[in-house]
Structures are given as structure tokens and as C-alpha cells.
Amino acid sequence: MSLQTSKDELVIGLVSVSDRASGGVYEDKGIPALQDWLAAAITTPYRIEPRLIPDERAQIEQTLVDLVDQAGCHLVLTTGGTGPARRDVTPEATLAIGTKEMPGFGEQMRQISLQFVPTAILSRQVAVIRENDSHAALVMNLPGQPKAIKETLEGLKDADGKVLVGGIFAAVPYCIDLIGGPYIDTNPAVTTAWRPKSAQRPASTQDNA
Ligand SMILES: Nc1ncnc2c1ncn2[C@@H]1O[C@H](COP(=O)(O)OP(=O)(O)OP(=O)(O)O)[C@@H](O)[C@H]1O
Ligand SMILES: Nc1nc2c(c(=O)[nH]1)N[C@H]1C(S)=C(S)[C@@H](COP(=O)(O)O)O[C@H]1N2
């Protein structure tokens, strides 16, 4: 297990998978919801690579491969296409481009989402690592309902901000450390990254490490 995190700029791919939003039937709310949440949660500088595409498996696979292999993303979040309907194929496309499956993320997201909606059981969302010769990325599926983005990433808090159910984003920064990506710092008012003590860096040393 290596903790050689990279000094590269953090690059995050956002993929909204929706027939109707990509076809102009309704306005895409997936990418804006992802952007807003990340802007509040991540304090490390980062660049976004957004993509809006239909529920076509080949196009989803190609988009994910391009984001990791060409655009150099360290993290890719998809939204939409995780349900049981005939055109919902985001999990299949994600598994096809992954080199390692990360089942804990999908399991935890369904647990979290069940606190919000009983239909959470219908989401087949998965997460994978994609490794190429030069780097690796974490690719995770979120449900298509725009409100599900904050729910799954952040979890559930009470009126005083006390965490009732932890969101999955807390596990993302250390996962990116372990696959050799940049050190991600978060805003604790939104989400606190879980890292073992040995992997934590004081804020002032992060640029020099
Ligand atoms: N990108 C999006 N922007 C805005 N709303 C969305 C988006 N994706 C989904 N939704 C909303 O969430 C609901 C459930 O999402 P789901 O992914 O199941 O969509 P869908 O019924 O498969 O249709 P489509 O793929 O055309 O968005 C949609 O009916 C829509 O109201
Ligand atoms: N947190 C959360 N998870 C959720 C939902 C939601 O509103 N919030 N909607 C559910 C519903 S209604 C469905 S059908 C599945 C799959 O949605 P998708 O096909 O839009 O990805 O996600 C589920 N997971």
C-alpha cells in the first residue's frame, strides 16, 4: 500500500446520463447539482470535466474511458441510469471499463439512500477503479434524481449539523490517496474525510509534501 500522493491538479469528471436531458426535453440538473456540492465540499483546487450523454452503453463506456485516459481524471462521478429500466445501463458500462470493483461504495450508498426513499433499493449503482499505465481513477455511479447527489455524497445530518448517516464522499479522499492521486482536503461543515492518522497531513504542509 503506497501513500505517494501526486502533486497534479485534481481533475474530476462529471457525467450526467439522461436521455431526456441530453435530448433537450428537460434542462440537465445533474451536472449543476454535482458542481454545487463539490464547490461546497472540496477546499483543494480542482478542475471539472463535464459531459451530458444519453443512456447508451457504448457512449457511456467511451466517455468514462476518455475522462480517465485522455482528460486525466482522478475521480469520475456519474448520475443517472442506475435503475432497473431497460435503458438503465450505467452500472454495466462502469463495470466494463473498471479494473477493480469497489463494492463498498454501492452498498453504502443504498444504505444511506434508504434513509431518504424506500425506492433506493432499485438503484444498482457501482464503483470501480480504472487503472492505466500512467495513473488510476475512482469512478462512481450516483442515482439520477438531482437531490440524490447531495443525499448520497453527504449523508444525513440533524438540525444541529450532527451526522446521523455518513455520506460516501468521506471515503473518497483516502481512496484517491491510495491510488496515487492528489491529496484532497474537505470542508468539515459539509464532509470530513476519513483517513488513518498516519495518512493525515496538517493543512499548512499539504503543498510541500
Ligand atoms: N439529468 C437530469 N436533470 C434533471 N432531472 C433529472 C435528470 N436525470 C433524472 N432526472 C429526474 O429524475 C427522475 C428519475 O431519473 P431517471 O434516471 O430514472 O430518469 P429516466 O426516467 O431514466 O429518464 P432520462 O434518462 O430521460 O432522464 C427523472 O424522471 C427526472 O425527473
Ligand atoms: N438518495 C437517493 N437515492 C435514490 C433515489 C433518491 O431520490 N434519493 N431515487 C431512487 C429511485 S426512485 C430509483 S428508480 C433508483 C435508480 O435511479 P436512476 O435510474 O435515476 O439512477 O435510484 C434510487 N435511489
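This passage describes the overall dimensions, the strand and helix arrangement, and the ligand surroundings of a predicted model.

The chain contains 7 helices and 8 strands, and its C-alpha trace spans about 50 × 45 × 30 Å along the principal axes. The radius of gyration of the chain is 16 Å, which agrees with the value near 17 Å that would be expected of a compact globule with 209 residues. According to an unreviewed UniProt entry, residues 13-163 are covered by the annotation "domain: MoaB/Mog". Over these residues, 13-163, the chain is 38% helix and 24% strand, and the C-alpha atoms at the two ends are 27 Å apart.

An open sheet is formed by 6 strands, which follow one another in the order S2-S1-S3-S6-S5-S4 and show mixed pairing. The edges of this sheet are strand S2 (46-53) and strand S4 (100-101), each of which pairs on one side only. Strand S4 pairs with strand S5 in the antiparallel sense over 2 bridges, and within this pairing Lys100 has Ile129 of S5 as its bridge partner. On strand S6 the pairing with S5 is likewise described by its bridges: strand S5 (residues 127-131) and strand S6 (residues 136-142) are antiparallel, with 5 bridges between them. Along this pair, Val128 stands opposite Val139 in S6, while Glu131 faces Ala136 of that strand. The connection from S5 to S6 is a hairpin of 4 residues.

Helices are placed against this sheet. Helix H2 (residues 30-41) lies across strand S1 (10-17), strand S2 and strand S3 (75-79), and runs at about 150 degrees to S1. Helix H3 (residues 57-70) also packs on the sheet, where it touches S1, S2, S3, S5 and S6, and its direction makes about 165 degrees with that of S2.

A further antiparallel pairing involves strand S7 (residues 155-157) and strand S8 (residues 163-166), which are joined by 3 bridges. In this pairing Lys157 stands opposite Val163 in S8. The hairpin of S7 and S8 has 5 residues between the strands, and Gly161 in this hairpin adopts a positive phi near 85 degrees.

The surroundings of two ligands can be described in turn. Ligand 1 is surrounded by 17 residues, of which the closest are Ser18, Asp19, Arg20, Gly30 and Gly144. Helix H1 (residues 19-22) makes the greatest contribution to the shell around ligand 1, supplying 3 residues. By class, this shell around ligand 1 consists of 4 nonpolar, 8 polar and 5 charged residues.

Around ligand 2 there are 19 residues, and the closest of these are Thr82, Gly83, Ser113, Ser123 and Gly144. Helix H6 (residues 146-154) provides the largest share of the shell around ligand 2, with 4 residues. The residues of the shell around ligand 2 comprise 6 nonpolar, 10 polar and 3 charged. Gly144 is thus listed among the closest residues for ligand 1, and Gly144 is listed among the closest residues for ligand 2 as well.

Terms used. Residues are numbered from 1 along each chain as its sequence is written. Chains are lettered from A and ligands numbered from 1 in the order in which they are written. This is a predicted model: local features need pLDDT of at least 70, side-chain atom pairs count only at pLDDT 80 or more; totals for chains, interfaces and linings use all residues. A residue is near a molecule or strand if its C-beta atom, placed from the backbone, lies within 6 Å of it. Ala, Val, Leu, Ile, Met, Phe, Trp, Tyr, Cys and Pro count as nonpolar, Asp, Glu, Lys and Arg as charged, and the others, Gly among them, as polar. Two strands pair if DSSP finds at least two bridges between them. Two residues are in contact if their C-beta atoms, placed from the backbone, lie within 7 Å. Axes are lines fitted to C-alpha atoms, for helices over the stretch in contact, and angles run from 0 to 180 degrees between N-to-C directions. UniProt positions are given in the numbering used here, feature names are shortened, and annotations may be inferred rather than shown by experiment. The radius of gyration is taken over C-alpha atoms; the globule rule is 2.2 Å times the number of residues to the power 0.38.
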